[in-house]
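User: Hi! I am new to this structure and would like to learn how to read it. Could you walk me through it step by step?

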Amino acid sequence: MAVADVAGERGAMQEQRFDVWAAGDAYELYIGRWSRLVAERFLAWLGCGDGLRWLDVGCGTGALTATVIDRCRPRMVVGLDPSAGFLESARTALPASAGFAIADGQSLSVRDEAFDVVVSGLVLNFLAAPGAAVGEAARAVRPGGLVAAYVWDYAEGMAFLAHLRRLITQDRDAGLRPLFIAAGAGTVNTGVVDPLDEIAALAREFGLWFHADGAYGALGVLAEGAEPRAAGRGIWADIRM
Ligand SMILES: C[S@@+](CC[C@H](N)C(=O)[O-])C[C@H]1O[C@@H](n2cnc3c(N)ncnc32)[C@H](O)[C@@H]1O
């Protein structure tokens, strides 16, 4: 299936520089392997039949797209994402029958009603205009088609953040004054990369200092083309190595 078959009158999908999500391999280790588990449950929950035309918006390295192929025997499946690096990983890992193209989910270059199902996994919370992306998804499905998406439940579902919030609140209620939160940008011993942006938001909310131990992850802040999301680009006041 050629992606051009579903490209709409807005013209060819434009390649654009998108440096927040870039390195497919790093993403796979960090989130992709978990995305696959979520994708399994999501598709089981949707319960769609075989032979449908699927669009995966913000497909990244193809975690959800691959699961659609495995579970849903699609007639056609297209993955769109702004990241050329992620799409390269997806193309390498998935069968050639899947079509991939660079696109912004908020302004899709696909024809009206070209798909039966539009899905999106772990994307909407990163968009400046998530409502526009939902509108575009609704435009891209046929009447009676399905639009479905999932994101992390930062407030309740990310258990460790909820736990951290609880501890801070408990300390404050007990008359204590928490000073700072410490996290890791990429620990050398276990490889853990903490979600620095989310933890930084919590620190901001409670007016706490935020210390992130750089380790290997700090290099991501400095290295062009590395996985800056993992390194929380934009939240660092000072980096020492
Ligand atoms: C957490 S990843 C999720 C990737 C994949 N759906 C998964 O479940 O593993 C977020 C994805 O959103 C994509 N993204 C960011 N901005 C986007 C936009 N404006 N339109 C579409 N996708 C976008 C990123 O490139 C990245 O692939």
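User: What percentage of the 241 residues of the protein chain count as buried?

Analyst: Happy to help! Keep in mind that this is a predicted model. Of the 241 residues in the protein chain, 37% count as buried.

User: How many helices and strands does the protein chain have, and in what order do the elements run?

Analyst: The secondary structure comes to 7 helices and 7 strands. Starting at the N terminus, the order is α-β-α-β-α-β-β-α-β-α-β-α-β-α. You can also look at how contacts span the sequence. Taking contacts between residues at least 6 apart in sequence, 67% join residues at least 24 apart.

User: How do I read the faces of a helix? Which residues of α6 are buried?

Analyst: Start with the general idea. An α-helix has 3.6 residues a turn, so residues three or four places apart point the same way. Now the case here: helix α6, residues 196-206, has L196, I199 and A203 as its buried residues. They sit on the same side of α6, because they cover an arc of only 70° around the axis. On the other side of α6 you find R204 and E205, which are exposed.

User: Which strands do the buried residues of α6 pack against?

Analyst: They pack against β6 (180-184) and β7 (209-213). Just after α6 comes G207, with a positive phi of about 65°.

User: Let me try another helix. Which residues of α4 are buried?

Analyst: In helix α4, residues 130-140, the buried residues are A133, E136, A137 and A140. Looking down the axis of α4, these residues fall within an arc of 100°, so they line one face of the helix. The packing partners of the buried residues of α4 are β1, β4 (115-121) and β5 (141-150).

User: How do I read a pair of helices? At what angle do the axes of α5 and α6 cross?

Analyst: To describe a pair, look at the distance between the axes, the crossing angle and the residues that meet. Helix α5 covers residues 159-173, and its axis comes within 11 Å of that of α6, with a crossing at roughly 20°. That angle makes α5 roughly parallel to α6. The crossing is right-handed. From α5, L161, L164, R165 and I168 meet E198, L202 and F206 of α6. By class, this contact has 5 nonpolar, no polar and 2 charged residues.

User: What about the loops? Which residue other than glycine has a positive phi near 60° in the loop between β3 and β4?

Analyst: That is E113, whose phi is near 60° although it is a residue other than glycine. E113 lies in the loop between β3 (99-102) and β4. E113 counts as partly exposed because it has 13 C-beta neighbours inside 10 Å. L122 is also not a glycine and has a positive phi of about 60°. You will find L122 in the loop between β4 and α4. With 19 C-beta neighbours inside 10 Å, L122 counts as partly exposed, and the cut-off for buried is 20 or more.

User: One last residue: is G49 buried or exposed?

Analyst: G49 counts as exposed, because it has 9 C-beta neighbours inside 10 Å. Look for G49 in the loop between α1 (24-46) and β1 (53-57). The C-alpha atoms of G49 and C72 are separated by 6.4 Å, while the two residues are 23 residues apart along the chain.

Key: Residues numbered from 1 in each chain as written. Predicted model: local features only at pLDDT ≥ 70, side-chain atom pairs only at ≥ 80, totals over all residues. Buried ≥ 20, exposed ≤ 12 C-beta atoms within 10 Å, placed from the backbone. Helix = DSSP H or I, 4+ residues; strand = E, 2+ residues; numbered from the N terminus. Arc of directions from axis to C-beta. Contact = placed C-beta atoms within 7 Å. Axes fitted to C-alpha atoms, helices over the stretch in contact; angles between N-to-C directions. Parallel < 35°, antiparallel > 145°, perpendicular 65-115°, else oblique. Left-handed = near helix turned anticlockwise from the far one by under 90°. Nonpolar A, V, L, I, M, F, W, Y, C, P; charged D, E, K, R; others polar.
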